[in-house]
Amino acid sequence: MTKNKESIDIKRSGRETFARVDAYIQEKILKSRDGFSLLLKAGAGGGRALRKPFSYLGTFIGDSGVAAIHPSSKYLVARVVRAVEQGRPRVIVEFGAAEGVMTKRILKGLPQDGLLAAVERNAGFYKDLSEIKDARLRTACGDVRDIRKILAAMGIGKADCFVSGIPFSFLSPEERAALLHEVYCQLQHGGRFVAYQCTTHLIPLLRKQFQQVKMELEIRNMPPHFVFTAIKK
Ligand SMILES: C[S@@+](CC[C@H](N)C(=O)[O-])C[C@H]1O[C@@H](n2cnc3c(N)ncnc32)[C@H](O)[C@@H]1O
């Protein structure tokens, strides 16, 4: 009897133990799920600390045209901005600004009477970009293939510099050539086009369109990027 009773008790306590373990695991799973969705929400525009990697990763998953899972490194930003500033530009057009890592740094060196027109196609990134408060900044949510219309709508004539982070490899060969031609036409003489890319496929096109082309490599970025400076003489 006692043995039976004990075994019944053991069974009962076993069930209770399993029920407790089950509840414990459920609670842990729910907490992890909530935690993960909080991280995703942070990426979608909420929190601060984990916001950048998650916003890029999340945006990239939804839009492969973003072509990056994180913003440019501070080394790449510094190298690109140096190439831009060497031309002492007053009017700058930025292609593929995303949420503005390059934009903010360009604004730091821009003269007080300067103008920066930043174009970004992805609506999520554009929301962040448009929150940058600076009287010298104009923003447009659109495709740089329409750059002539975009600049006309902003009342901007020729620019001293175009800086581009868009993946040119995603454009057709005809679109690439047409866009570079448009950039060339919209540049002042002596103006420059600075492009950061992880491939070298732009070189022949740049050489065809511009009178001078320089190339640098920044390895402190994942992936390493080439920085091309093409000058209109
Ligand atoms: C490699 S990310 C660079 C982002 C940012 N400038 C940086 O340095 O971290 C390229 C950006 O270009 C944008 N983009 C790609 N194609 C575009 C197009 N045709 N017109 C406008 N923006 C474009 C993408 O949405 C993405 O935000």
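Three exercises with worked solutions follow, on the sheet, the core and the ligand shell of a predicted model.

Residues are numbered from 1 along each chain as its sequence is written. Because the model is predicted, local features need pLDDT of at least 70 and side-chain atom pairs count only at pLDDT 80 or more, while totals for chains, interfaces and linings use all residues.

**Exercise 1.** State the strand order of the sheet and identify which strands stand at the edges.

Solution. Take strands as DSSP runs (E, at least two residues; helices are H or I, at least four), numbered from the N terminus. Count two strands as paired if DSSP finds at least two bridges between them. The order is then β3-β2-β1-β4-β5-β7-β6, an open sheet of seven strands with mixed pairing. β3 (137-141) and β6 (212-218) have a single partner strand each, so one side of each lacks a neighbour in the sheet. Next, examine β6: seven bridges join it to β7 (225-231), and the two run antiparallel. Within this pair, glutamine 212 has isoleucine 231 as its bridge partner.

**Exercise 2.** Find the contacts of valine 80.

Solution. Use C-beta atoms placed from the backbone and lying within 7 Å as the contact criterion. Leaving out residues up to four places away in sequence, valine 80 touches Met102, Val163, Val194, Tyr196 and Val227.

**Exercise 3.** Describe the residues that surround the ligand.

Solution. Collect residues whose C-beta atom, placed from the backbone, lies within 6 Å of the ligand. There are 22, and the closest are Ser72, Gly96, Ala98, Arg121 and Gly165. Then assign elements: α4 (101-109) and β2 (115-120) each supply at least two residues of this shell.

Conventions: Two residues are in contact if their C-beta atoms, placed from the backbone, lie within 7 Å.
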